[in-house]
Structures are given as structure tokens and as C-alpha cells.
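Please walk through this model with me, taking the packing of its helices before the sheet that they accompany.

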Amino acid sequence: MTHPALPTARLGADGPLVGVQGLGCMGMSEFYGPTDTTESLATLDAALEAGVTLFDTADMYGSGHNEELIGPFVRANRDRVVIATKFAIERRAEDPGYRAVRNDPEYIRGAVDASLRRLGVDVIDLYYMHRRDPAVPLAESVGAMAELVRAGKVRHLGLSEVTGAELREAHAVHPIAAVQSEWSVFSRDVERSVVPAAAGLGVAFVPYSPLGRGFLTGSFQDAEQLPADDFRRTQPRFTGANAKANDALLEPVRRIAADRGVTPAQVALAWVHQRAQVHGLTVVPIPGTRKRTRLAENTAAATLELHPAELALLEPVAGEVAGDRYPSMANTQVERE
């Protein structure tokens, strides 16, 4: 049963009922420097007790390691956990830097079986197309995903980093429960087309990186402060002059946090949660953390309501951010809008 302190929301018209804040599990396997398996697993348990029921992973996180890591937790709490995973980003063991986007039906059928095996479950609750390959007709990809639903391997479908037009096209092939993309005080490009499309279709929005990959929390001011293997060191907005300029943009976040007696992270998450009211759709952010202390901080933000004057202070921030979200935006919806 969901903890009463965390409200619930439904993903799509007929999707699962989940805690209104989920947990991104990516960092438990790679990308953000050294990991602590013991603390990560304890964080999963703490999240469930706090009312978090949507747990988000992908087959490419740790090249399958993340699914294997959280699999025992999912199985032990199968009636309480909504597990979401993704396909589409192909990696190769012999070449750690290799990435390719695959949306062809043959790849999808193989990917779902591999994810089911690593998770150790019979069915995936929410299966996302992680990235879109425009070379493959969308109807073919979503058609193959719909076959997985009919086969009982997947319950609900999702898309990530798609445009509004792509979401509408996919939804016409098979109902889409959720669309996932980066959305935060710093990143609002989704509001151009996919957010209005989701609102019109009744599709839930699942923002990833709602804390700006930690930058909005003030945990670092420049990527040079991060471990050598932290992938944020490659992201334009966290390096050099961009980092300095963007850190200055956090001043209203810090001011609101100080005035309200909360943390900058809670202000940033509260802003994302309130997008539901602003745009008229279900919003279930999935901040990622590997620590129980951060988990408690994040879930507390789900019921924090910012005042109109505070929202007005944050309104212009995204338009002044320096640097793109990724070194290459080729695989995001921005390049196809």
C-alpha cells in the first residue's frame, strides 16, 4: 500500500497507479562516479516505504547491470512495485564507448526477453522506447511493442525523447501510458510540443533529471569537481564558462529555499510537480539517488507548494541557461521538432 504522505497518480488512462514521485535507478550502476551497492539497495527499500512505487531502469544502464541489481528487490515486492525499463540504446561489451539507436522490431523482441531475464520477472509494467531512430517507421516500432503487450510480456508502453507529433502518431497505433524526457527549472524544451500533446492525449509525463543531474541541488558548481568517470564532465552546461553562468542562475532557487526553510533540491522538485497544474497533465518525476538521506529529502518535496511569486522568480531561468543538455542533441526530440 502506498504511504499516505505521498500522493498517487495514474499513468495514462488505464495505466498503473503509482506514487506521484518515482525513483531513477541509473546512478546505482554507472555514470555518476563510484557506486555503493549496499546503500543503493537500502535506498530501494526506503523508497518503497516512503510511498515510491515507480522504479525506473533501462537495459543500457551498466549494460544490463542495473536491471540485475534491482531485480531481487522487484521480485521480493512484486505486488507493490511498478517496474519501468527501456530499450533502444545498443551497447557492446568489447567497446564500452559504443552507442547505437535501434528501433527495429527484431531488436525490440530480443531486448524485451533480455530485460525480463535480467529482472527475473514474467512481465514488465512499463516498457519505454528509450530513443527514437527516425530511419525506422514509428508504426513498425510501436507495432512491435504492442505485440509484446498482446504476448503478455509488457503491460503498458512508453516513449522517451519524442516530439509531440511522434507521440500522437504512436498513440494512434497503441495507447501510450507515459512519455519521458528531461524537464526541470533548467530544461523546458519539452513544453514546445510534447507536453501539450501529452496533455491532450491523457498521457502521463515522467520527467527525468528533474534536479538537473544534481546541479540544481548545489552539490557541485563545475564538472571539474566530479570524479573522472562521471559523465557530467562531458555535458556542456556543467563545464567552463557555462558552469559559472549557470551557477549564478541558481540564486532564486537558493533564495526561495532559504526563505521557506527547505533545500534547493526540494524547490526544484516542487517546481516540476506543479507543472501538473500549469499544463493540465499527470506529472511523475523520477529523481535519481543512491542515498537514503537524499531519498527522504526528495519525497518530501512532492507536497511542497510554491507560491505564485516564487514561481515567477523561477520562470525566466531556463531561457538563460548556457549550454545544451548533451554534447550532441542528435538523439533528442529537440532535433526533430
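In this predicted model, helix 5 and helix 6 are roughly parallel to each other, because their axes cross at roughly 30 degrees and angles under 35 degrees count as roughly parallel. The axes of these two helices, the second of which spans residues 194–201, come within 7 Å. Helix 5 contributes Gly164, Leu167, Arg168 and His171 to the contact, while helix 6 contributes Val194, Ala197, Ala198 and Leu201. Divided by class, the residues of this contact are 5 nonpolar, 2 polar and 1 charged.

Helix 5 (residues 164–173) also packs against helix 4 (residues 138–150), here at an angle of about 45 degrees and with the axes 9 Å apart. Helix 4 and helix 5 are therefore oblique to each other, and helix 4 passes helix 5 in a right-handed crossing. On the side of helix 4 the contact involves Leu138, Ala139, Val142 and Gly143, which meet Glu166, Glu169, Ala170 and Val173 of helix 5. This contact of helix 4 with helix 5 has 5 nonpolar, 1 polar and 2 charged residues. Both descriptions follow one convention: two packed helices are described by the angle between their axes and the distance between the axes.

From the helices we can turn to the sheet, which is open and has 7 strands in the order 3-4-5-8-9-10-11, with parallel pairing. Strand 3 (23–24) and strand 11 (204–208) stand at the edges, and each has a single partner strand, so one side of each is left without a neighbour in the sheet. Helix 3 (residues 105–119) packs on the sheet, where it touches strand 5 (82–87), strand 8 (124–129) and strand 9 (154–160), and the direction of helix 3 makes about 140 degrees with that of strand 8.

The pairing can be followed inward from strand 3, which pairs with strand 4 (residues 54–56) in the parallel sense over 2 bridges, leucine 23 having phenylalanine 55 of strand 4 as its bridge partner. Strand 4 in turn pairs with strand 5, again in the parallel sense, over 3 bridges, and phenylalanine 55 stands opposite isoleucine 83 in strand 5.

How are the side chains of strand 5 placed, and are they buried or exposed? In a regular strand the side chains alternate between the two faces of the sheet. In strand 5, Val82, Ala84 and Lys86 point one way and Ile83, Thr85 and Phe87 the other way, and all are buried. Because 6 of the 6 residues of strand 5 are buried, this strand is largely enclosed by the rest of the structure.

Technical notes
Residues are numbered from 1 along each chain as its sequence is written. This is a predicted model: local features need pLDDT of at least 70, side-chain atom pairs count only at pLDDT 80 or more; totals for chains, interfaces and linings use all residues. Side-chain values use heavy atoms; hydrogens and water are left out. Two strands pair if DSSP finds at least two bridges between them. Helices (H or I, at least four residues) and strands (E, at least two) are DSSP runs, numbered from the N terminus. Contact means heavy atoms within 4.5 Å. Axes are lines fitted to C-alpha atoms, for helices over the stretch in contact, and angles run from 0 to 180 degrees between N-to-C directions. Angles under 35 degrees count as roughly parallel, over 145 as roughly antiparallel, 65 to 115 as roughly perpendicular and the rest as oblique. A crossing is left-handed if the near helix is turned anticlockwise from the far one by less than a right angle, and right-handed if clockwise. Ala, Val, Leu, Ile, Met, Phe, Trp, Tyr, Cys and Pro count as nonpolar, Asp, Glu, Lys and Arg as charged, and the others, Gly among them, as polar. Buried means under 20% relative accessible area, exposed over 50%, partly exposed in between (1.4 Å probe, protein chains only).
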